[in-house]
2 protein chains.
Amino acid sequence: MSLPPRFDVLISEVGPRDGLQSVSATMSTVHKCAWIDALVDSGVQEIEVGSFVSPKLLPQMADAAQVVSHAVAHPGVTIMALVPNLKGAEAAMRAGAHKITLPVSASPAHSIANVRQTPAQMVEQVRAIAALRDEIAPGVHIEAGISTAFGCTLQGLVPEDEVIALAAACVAAGADESGLSDTTGMANPAQVRRLFTRLRSELGERAGAAHMHNTRGLGLANCLAAYEAGVRTFDSSQAGLGGCPYAPGASGNVVTEDLVFMFEAMGIRTGIDIERLLAARNALAAGLPGEALYGMLPPAGLPKGFVAHSYSAD
Amino acid sequence: MSLPPRFDVLISEVGPRDGLQSVSATMSTVHKCAWIDALVDSGVQEIEVGSFVSPKLLPQMADAAQVVSHAVAHPGVTIMALVPNLKGAEAAMRAGAHKITLPVSASPAHSIANVRQTPAQMVEQVRAIAALRDEIAPGVHIEAGISTAFGCTLQGLVPEDEVIALAAACVAAGADESGLSDTTGMANPAQVRRLFTRLRSELGERAGAAHMHNTRGLGLANCLAAYEAGVRTFDSSQAGLGGCPYAPGASGNVVTEDLVFMFEAMGIRTGIDIERLLAARNALAAGLPGEALYGMLPPAGLPKGFVAHSYSAD
């Protein structure tokens, strides 16, 4: 007898990495761990908890190894870390991360600005990291996140053929999966459906997550389009933390609370208890006093008569 | 030789009615007319410009007849007014409105709270209004907007059979079309697709507009789902004006600017010039100084390399 799956879609919470990396304040290690604990308590199954980069570049991430060590003590939760290169990947693997993700930009201009490497050089990083993984930590999962996949603020349009070819090159170089990121908030639902359909056709089960931004308000519509194209893993950030370059309300990342609400309302199980997820905002707020927290569900509350499928059908 | 259609979807701008009715300040008649002119200048094809209700109840709408008279001078634009009853309908028709819309709530509790009539009594209002229309203004189009179609803050769930039956009863009573309104911001994309599919199956070409709210952030995702279910008319409000009952960013109506951006980015023509639509915000702001204006596209701006289909393909 097999147990039913705990969720229909996997929400990959990126706030403790993508979010905290983007704000100017630094959350203490204790607060980071408490926030991660609260997220786990709500049922989140995968969390990106830190970035293994130079602490000179990103002092907010200097404690990544400590945070990973704490987080991996939670059974059944996948703990991820972002790494820009082989050195970071080794540190992340030695710290015990279950999964590492590399930002591989489809826009050469963006790639150089972001990680000082061309896309082709990043594919070689993937190859070197996969070889190291096979040697020192064979259980670790490697994801390539193809950034600027839907457009670039530097070069504008990014050819779709190049996006798909780069995603395939990363898998060929040893990545377990390649996902697509709307780094710049330029995606639209028709494009999302088209690109993820191509990605899945090209890579099959190695087609990875949708990482959408809400810069122009289309974050949830793009996630819906990705779902309809077969995507089942979605990156999002609690309270939309992570890049709010514009006016109040204009957050960067898709807000986890709103995304979970959308799926649960549709009867698509996330495995997450929305009330507890909302409670986890308090842990975030405690560690970043004064920081703006986004999201439409949190102030509005759940609708009268709302049925959350993850915690009613089971 | 026939001209190509000017748009693939019709954006029905409700700000000058739904929006202005919901804010406490009163916009002057001159400013209302200037805002409507700016909206027309951007290519908006249908505008709900006022509400024919008692000025004691809604002083913001006391000049509805004057505003309609001004607005109908624009050739080729459909000018709508909301009416709660026969008296209001007669005034709207005598003022020259091309189209009138009645709020017919599927929730008895909400219907009584909103217009002091049961849903069945509102169907009789539709019948009386249609008879009057046939007599004094046969060209006027009558729309029933089925409110609380996706849930009600008073009664919670609203049975879908009752929503569809009420929409059909309004058409049987003489309405030219029945649309569905997510008055309370409780809709989700699966429900939107299901209900509009049923509505179109039941009413065919008399299935009307989707009126979505963004209370919980799902406004655009719900519009996308409605589009996929065949809906081609969408209500929205410039700057999301109209009911912002919660925290900053938590607007009521779907933001016209963001909705037009979504469709244009997808290659679905709205007939609206986004730059001019953004400029029309200035006319709104001039008439409502200090009022919060919402929307994600306006602060972010159009993406680099963006191609607006309405003004490039033609």
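These legends walk through close-up views of a predicted model with chains A and B. Local features are given at pLDDT of at least 70 and side-chain atom pairs at pLDDT 80 or more, while totals for chains, interfaces and linings use all residues.

**View 1. Confidence along chain A.** Let us begin with how far the model can be trusted. Chain A has a mean pLDDT of 93 (the predictor's confidence in each residue, from 0 to 100), and 94% of its residues reach 70 or more. Over residues 244–250 of chain A, pLDDT stays under 50, and the model has 15 contacts there beyond four places in sequence (contact means heavy atoms within 4.5 Å). Where pLDDT is low, the predicted coordinates should not be read in detail.

**View 2. The axis between the two copies.** A turn of 180° and a shift of 0.0 Å along the axis lay chain B on chain A with an RMSD of 0.0 Å (least squares on the C-alpha atoms of residues with pLDDT of at least 70 in both). That is the relation of a two-fold axis. B:Ala221 has the C-alpha nearest the axis in chain B, 2.0 Å from it.

**View 3. The surface shared by chains A and B.** Each chain brings 39 residues to the contact: 39 residues from chain B and 39 residues from chain A. About 3,000 Å² is buried between them, with 72% given by carbon and sulfur atoms (buried area is the accessible area, 1.4 Å probe, that two parts lose on being put together, summed over both). On the side of chain B, the residues that lose the most area to chain A are B:Arg216, B:Met296 and B:Lys304, together 24% of what that side buries. The copies meet through the same surface, because 100% of the interface residues of chain B are also interface residues in chain A.

**View 4. A salt bridge across the interface.** Here the side chains of B:Glu228 and A:Arg193 meet in a salt bridge at 2.4 Å, N to O (a side-chain nitrogen of Lys or Arg within 4 Å of a carboxyl oxygen of Asp or Glu). Across the interface of chain B and chain A there are 2 salt bridges.

**View 5. The surroundings of A:Ser181.** A:Ser181 lies in strand 6 (residues 177–181) of chain A (strands are DSSP runs of E, at least two residues, numbered from the N terminus). With a relative accessible area of 11%, A:Ser181 is buried (under 20%, 1.4 Å probe, protein chains only). Beyond its neighbours within four places in sequence, A:Ser181 has contacts that include A:Gly145, A:Phe150 and A:His211.

Conventions:
Residues numbered from 1 in each chain as written. Chains lettered and ligands numbered in written order. Heavy atoms only, no water. Helix = DSSP H or I, 4+ residues; strand = E, 2+ residues; numbered from the N terminus. Buried < 20%, exposed > 50% of the residue type's maximum accessible area, 1.4 Å probe, protein only.
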